[in-house]
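Please examine the sequence and the structure shown here before reading the briefing.

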There are 2 protein chains.
Amino acid sequence: MRIAIASDHAAFDLKAELRDYLIGLGHEVADLGPVTPDRVDYPDYGYKLADVVAAGTAEFGVALCGSGIGIAIAVNRHPALRCAQVAEPYSARLAREHNNANAIALGARLIGADMAKACLDAFLAAQFQGGRHAGRVDKLTHPTC
Amino acid sequence: MRIAIASDHAAFDLKAELRDYLIGLGHEVADLGPVTPDRVDYPDYGYKLADVVAAGTAEFGVALCGSGIGIAIAVNRHPALRCAQVAEPYSARLAREHNNANAIALGARLIGADMAKACLDAFLAAQFQGGRHAGRVDKLTHPTC
């Protein structure tokens with residue numbers, strides 16, 4: 001799969017580890033930065049990731065910051081993105097199965113690298129279930145607020 | 001505080017329990033529905049909640065669905081909302097301190113009622129720290145994607 005990954009400074013090291021992990025699994029990974037561990041603003045990287053997934057250049061996005069909360073908000077500003085902030089694999093699976101999530105947000109200061117990898121594994125292995133979930137996902141793509 | 005709460009059918013019972021809990025703490029709570037446990041679509045209630053918080057009618061929003069993921073995405077479609085999907089109190093606190101979150105999303109099928117209450121307690125007790133976080137929060141209000 002084509003996967004884009006982006007972070008802020010707090011998740012800079014985790015980004016490198018998850019990027020290499022995904023490449024090792026055979027995925028094509030676009031690292032959208034940052035390229036140094038200097039302080040940055042997570043919204044800038046969340047928006048960049050959203051644009052790349054929305055354009056179809058990547059099928060999935062991996063968004064990382066200290067808690068995962070801020071960058072998930074940024075990614076979800078884009079109506080074509082459905083980003084799930086998760087801390088364990090079950091939620092990562094549900095995000096794909098029920099919400100057809102096309103991005104996952106993880107918090108580098110909240111979970112360890114192995115848990116993050118387990119979340120990615122669960123996310124990438126799961127399939128959207130469609131059915132009653134499809135109409136709800138469609139409403140996320142056409143916000144009324 | 002003035003707090004709005006909304007859910008889907010999966011979180012209907014949790015909504016009632018958290019509403020009563022918040023009222024018991026002395027808050028003014030607007031229950032935005034649903035009013036029956038019949039199946040509904042979480043985006044409809046997420047958008048309703050976002051509108052109420054964005055209008056200033058409520059200071060904070062509590063968004064509930066099965067996992068918390070779907071309704072958090074819906075709430076975050078609104079540029080004035082910053083909704084954190086959390087499963088434990090530390091993330092709930094960080095969401096206020098770093099992201100100035102004005103909504104919290106909880107998953108009725110993932111955490112129990114007491115954990116949900118502990119998340120609310122942590123969320124409501126915390127204060128936005130401003131400083132270096134302020135510029136980032138401002139970028140969430142003015143998305144560039």
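The notes below cover the model, the two copies, the sheet of chain B and one residue.

This is a predicted model, in which local features need pLDDT of at least 70, side-chain atom pairs count only at pLDDT 80 or more, and totals for chains, interfaces and linings use all residues. Residues are numbered from 1 along each chain as its sequence is written, while chains are lettered from A and ligands numbered from 1 in the order in which they are written.

**The two copies**
- A turn of 180° and a shift of 0.0 Å along the axis lay chain B on chain A with an RMSD of 0.0 Å, by least-squares superposition on the C-alpha atoms of residues with pLDDT of at least 70 in both.
- The two copies are therefore related as by a two-fold rotation axis.
- Among the residues of chain B, R77(B) comes closest to the rotation axis, at 2.6 Å (C-alpha).

**The sheet of chain B**
- Five strands (DSSP runs of E, at least two residues, numbered from the N terminus) form an open sheet in the order 2-1-3-5-4, with parallel pairing; two strands pair if DSSP finds at least two bridges between them.
- The edge strands, each pairing on one side only, are strand 2 (28–31) and strand 4 (83–85) of chain B.
- Strand 4 of chain B pairs in the parallel sense with strand 5 (residues 103–107) of chain B over 3 bridges.
- A103(B) in strand 5 is the bridge partner of C83(B).

**Residue R2(B)**
- R2(B) belongs to strand 1 (residues 2–7) of chain B.
- R2(B) is partly exposed because 14 other C-beta atoms lie within 10 Å, where 20 or more would mean buried and 12 or fewer exposed, with C-beta atoms placed from the backbone.
- The C-alpha atoms of R2(B) and A30(B) are separated by 7.6 Å, although the residues are 28 apart along the chain.

Definitions and conventions: Helix = DSSP H or I, 4+ residues; strand = E, 2+ residues; numbered from the N terminus.
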